[in-house]
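Me: I'm new to this structure and would like a close look at a single part. Could you take me through the main nonpolar core and what sits around it, in plain words?

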Amino acid sequence: MKIAILGGTGPEGSGLGIRWAAAGHKVIIGSRLAEKGEGVAAELKAILPGGEISGSDNLTAASQSEIVVLAVPYSAQKPTLEGLGTALKGKILVTVVAPTQKPKARVWRLPSGLSAAEEAQQQLGDSVRVVSAFQNIGAHNLKDLDYVADFDVLVCGDKRDDKQVVTRLVEDAGFRAVNAGALQNSSVVEGLTSVLIGINIRHKVKDAGIRITGI
Ligand SMILES: NC(=O)c1ccc[n+]([C@@H]2O[C@H](COP(=O)([O-])OP(=O)(O)OC[C@H]3O[C@@H](n4cnc5c(N)ncnc54)[C@H](OP(=O)(O)O)[C@@H]3O)[C@@H](O)[C@H]2O)c1
């Protein structure tokens, strides 16, 4: 697939991007600045010379791709999606956004009472299908393609077929996906990110994760 990653210049988006490129997908690293996207794409290609990775501005990336991943901080979610409605029409938007509040990434209830994923869905309307995933995996090891993950990726969305598409992307990134129900459930998954950040701090580690047992 051709995958655009909005904010793919950050550690989470670029780490997923290189994994998808290693699995044979075409990846476009999106940025507010085309040159920045191109620069990060070049860095990733240096790690994975055969990978089909390019960079551009977010709008071009979204327009040219079949599936789009939102990998910007929560504070940048709304402005990043503004103006992308036409480019995203008819597509799946995979959001990895987990709202955290600096300096302490404590569990933070959004004023809307919704998850960040639902807010994105509300903003974009029904012509875009939002699926939430990857909030609970740290960026720390993503660029190490030999890293064997000891965690699951929870996938939330309202359409089973869309979650199946995202499940394949999770697997192509090298992880196990678990269907975690409706998009509404993303608020729980997003909140777990803050829990994991706290566990990382208390245990002086960087990659605490979630594993679903009994299935
Ligand atoms: N890092 C992790 O371990 C991790 C783990 C799980 C989930 N997440 C989630 O994944 C998302 C990305 O995480 P990250 O650590 O990669 O984030 P980041 O490095 O802080 O930001 C990613 C990219 O977003 C763009 N951006 C930053 N501030 C912006 C602003 N004010 N307006 C518009 N664009 C802005 C930047 O791209 P340009 O400057 O190129 O436009 C930046 O490179 C976040 O929502 C985070 O909650 C992260």
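Reply: Here is a walk through the core, followed by the salt bridges and the surface. Keep in mind that this is a predicted model.

Let's start in the middle. The largest nonpolar core has 36 residues, and those with the most contacts inside it are W20, F134, V153 and F175. Quite a few pieces of the chain feed this core: strand 1 (2-6), helix 1 (11-22), strand 2 (26-31), helix 2 (34-47), strand 4 (67-70), strand 5 (92-95), strand 7 (152-157) and helix 7 (160-172) each supply at least two of its residues. There is also another core lying apart from this one, made of 23 residues, with A4, Y74, L84 and A117 among them.

Now pick out V153. If you skip the neighbours within four places in sequence, V153 is in contact with A133, F134, I137, V170, F175, R176, A177 and V178. Two names in that list, F134 and F175, are also among the core residues with the most contacts.

Those two also lead us to the aromatic rings. How many aromatic pairs turn up in the whole structure? A search finds 2. Take W20 and F134 to begin with: their ring centres are 5.7 Å apart and their planes stand at 75°, so this pair is edge-to-face, a label used for angles over 60 degrees. This pair links distant parts of the chain, with W20 in helix 1 and F134 in the loop between strand 6 (129-132) and strand 7, 114 residues apart. Are these two buried or exposed? Both W20 and F134 are buried.

The other pair is F151 with F175. Here the ring centres are 5.0 Å apart and the planes are at 50°, so the pair counts as tilted. F151 is in the loop between strand 6 and strand 7, while F175 is in the loop between helix 7 and strand 8 (176-179), so the pair ties together parts that are 24 residues apart in sequence. F151 counts as buried because its relative accessibility is 6%, and F175 is buried too, with a relative accessible area of 5%.

Let's go back to F134 for a moment, as its backbone deserves a look. Most residues other than glycine have a negative phi. F134, though, has a phi near 75°, a positive value in a residue other than glycine. And F134 is well covered: at 2% relative accessibility, F134 counts as buried. K204 makes a nice contrast. Its phi is positive as well, near 55°, but K204 is in the segment after helix 8 and, at 76% relative accessibility, counts as exposed.

Next come the charged side chains. Side chains of opposite charge can pair when their charged atoms come close. The structure holds 5 salt bridges. One of them joins D162 and R129, at 2.9 Å from N to O. D162 lies in helix 7 and R129 in strand 6, so this bridge ties together parts that are 33 residues apart in sequence. Its two ends differ in cover: D162 counts as buried at 5% relative accessibility, whereas R129 is partly exposed at 24%.

Another bridge brings R211 and D150 together, at 3.3 Å from N to O. R211 sits in the segment after helix 8 and D150 in the loop between strand 6 and strand 7, which puts them 61 residues apart. R211 is partly exposed, with a relative accessible area of 39%, and D150 is exposed, at 57%. This bridge has company, too: D150, D152, R176 and R211 are linked in a network of salt bridges. You have met R176 already, as one of the contacts of V153. E82 and K78 also meet in a salt bridge, at 3.9 Å from N to O, and K78 is exposed, with a relative accessible area of 52%.

Last stop: helix 8 and the surface. V195 lies in helix 8 (residues 186-203) and, at 37% relative accessibility, counts as partly exposed. Together with V107 and I199, V195 forms a nonpolar patch on the surface, with about 190 Å² of accessible area in total. T193 belongs to helix 8 as well, yet T193 counts as buried, at 11% relative accessibility. Leaving aside neighbours within four places in sequence, T193 is in contact with A98, Q135 and N136.

Conventions
Residues are numbered from 1 along each chain as its sequence is written. This is a predicted model: local features need pLDDT of at least 70, side-chain atom pairs count only at pLDDT 80 or more; totals for chains, interfaces and linings use all residues. Side-chain values use heavy atoms; hydrogens and water are left out. A nonpolar core is a set of buried Ala, Val, Leu, Ile, Met, Phe, Trp, Tyr and Cys residues joined through side-chain atoms within 4.5 Å. Buried means under 20% relative accessible area, exposed over 50%, partly exposed in between (1.4 Å probe, protein chains only). Helices (H or I, at least four residues) and strands (E, at least two) are DSSP runs, numbered from the N terminus. Contact means heavy atoms within 4.5 Å. Patches are made of residues with over 30% relative accessible area and no salt bridge: like charges are joined within 9 Å, nonpolar side chains (Val, Leu, Ile, Met, Phe, Trp, Tyr) within 5 Å. Accessible areas come from the Shrake-Rupley method with a 1.4 Å probe; for residues, only the protein chains shown count as cover. A salt bridge is a side-chain nitrogen of Lys or Arg within 4 Å of a carboxyl oxygen of Asp or Glu. Rings of Phe, Tyr and Trp (its six-membered ring) pair if their centres lie within 6.5 Å; planes under 30 degrees apart count as stacked, over 60 as edge-to-face and the rest as tilted.
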